[in-house]
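This briefing concerns a single structure, shown below. Please consult the sequence and the coordinates alongside the points that follow.

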Amino acid sequence: MDIRLGNGFDVHAFGPGDHVMLCGVRVPHTAGLVGHSDADVGLHTITDAIYGALAQGDIGTHFPPSDPQWKGAESHVFLRHAVQLAGDMGFGISNIDCTLICEFPKVGPHAADMRARVAEICTLDPARVSVKATTSERLGFTGRGEGIACIATAALVSA
């Protein structure tokens, strides 16, 4: 059996807007997130964790930000690609663990919807997806409310 682990990390700064996309869920907020696509820091991080487990680069490798066709793209496109690539390479996703790092918006009220959405995109049982949040105790850029960071781990097993 071939077991592979990958990790992902991403950050996005706050900018103009009235919501943020987090793990495929629209969360009302007093600001948006800035990025070339929809800036869904959660889906970007999970996608990179899968690419990492496969040793296949990162989102920028597969979807270069210099390519205008990805401007404003919905991040589920990137995650679906990583899941498909894993399958094509003979791997299934065992589980995903994602931690959003921010002072606000509060993730707790949306966590179940986020887990369900990630599971749907990855065609996984929601029991194999963890989405949680922590603060940085008001330290650093996340603590000052300048943006959101995220870390994720994906475990893949040969199919």
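The points below cover strand pairing, the largest pocket and the largest nonpolar core.

The model is predicted. Strand β1 (residues 3-15) pairs with strand β7 (residues 147-158) and also contributes to the lining of the largest pocket. β7, in turn, is among the elements that each supply at least two residues of the largest nonpolar core.

**Strand pairing**
- β1 and β7 run antiparallel and are joined over 11 bridges.
- Within this pairing, Asn7 has Thr153 of β7 as its bridge partner.
- β1 is also joined to strand β4 (residues 32-33) by 2 bridges, again in the antiparallel sense.
- In β4, Gly32 stands opposite Gly15.

**Largest pocket**
- The volume of the largest pocket is about 210 Å³.
- Its lining comprises 14 residues, of which Ser37, His44, Ile59, Phe63 and Pro65 are the closest to the centre.
- Two or more lining residues come from each of β1, α1 (41-54) and α2 (59-62).
- β1 gives the most to this lining, with 3 residues.
- By class, the lining has 6 nonpolar, 6 polar and 2 charged residues.

**Largest nonpolar core**
- The core holds 48 residues, and those touching the most other members are Leu22, Ile50, Leu100, Met114 and Leu156.
- Among the elements that each supply at least two residues are β2 (19-22), α3 (76-88), β5 (91-101) and α4 (111-122).
- α1 gives the most to this core, with 8 residues.
- Leu156 has contacts that include Ile3, Ile50, Ala53, Leu54, Ala86, Phe91 and Ile93, leaving aside residues up to four places away in sequence.
- Asp2 and Arg4 are also among the residues that Leu156 touches.

Methods. Residues numbered from 1 in each chain as written. Predicted model: local features only at pLDDT ≥ 70, side-chain atom pairs only at ≥ 80, totals over all residues. Heavy atoms only, no water. Pairing = 2+ DSSP bridges. Helix = DSSP H or I, 4+ residues; strand = E, 2+ residues; numbered from the N terminus. 1 Å grid on protein atoms, 1.4 Å probe; cavity = no way out; pocket = protein on both sides within 12 Å on 5 of 7 lines; lining within 4 Å. Points joined across faces, edges and corners; volume = space filled by probe spheres on them. Nonpolar A, V, L, I, M, F, W, Y, C, P; charged D, E, K, R; others polar. Core = buried A, V, L, I, M, F, W, Y, C linked by side-chain atoms within 4.5 Å. Buried < 20%, exposed > 50% of the residue type's maximum accessible area, 1.4 Å probe, protein only. Contact = heavy atoms within 4.5 Å.
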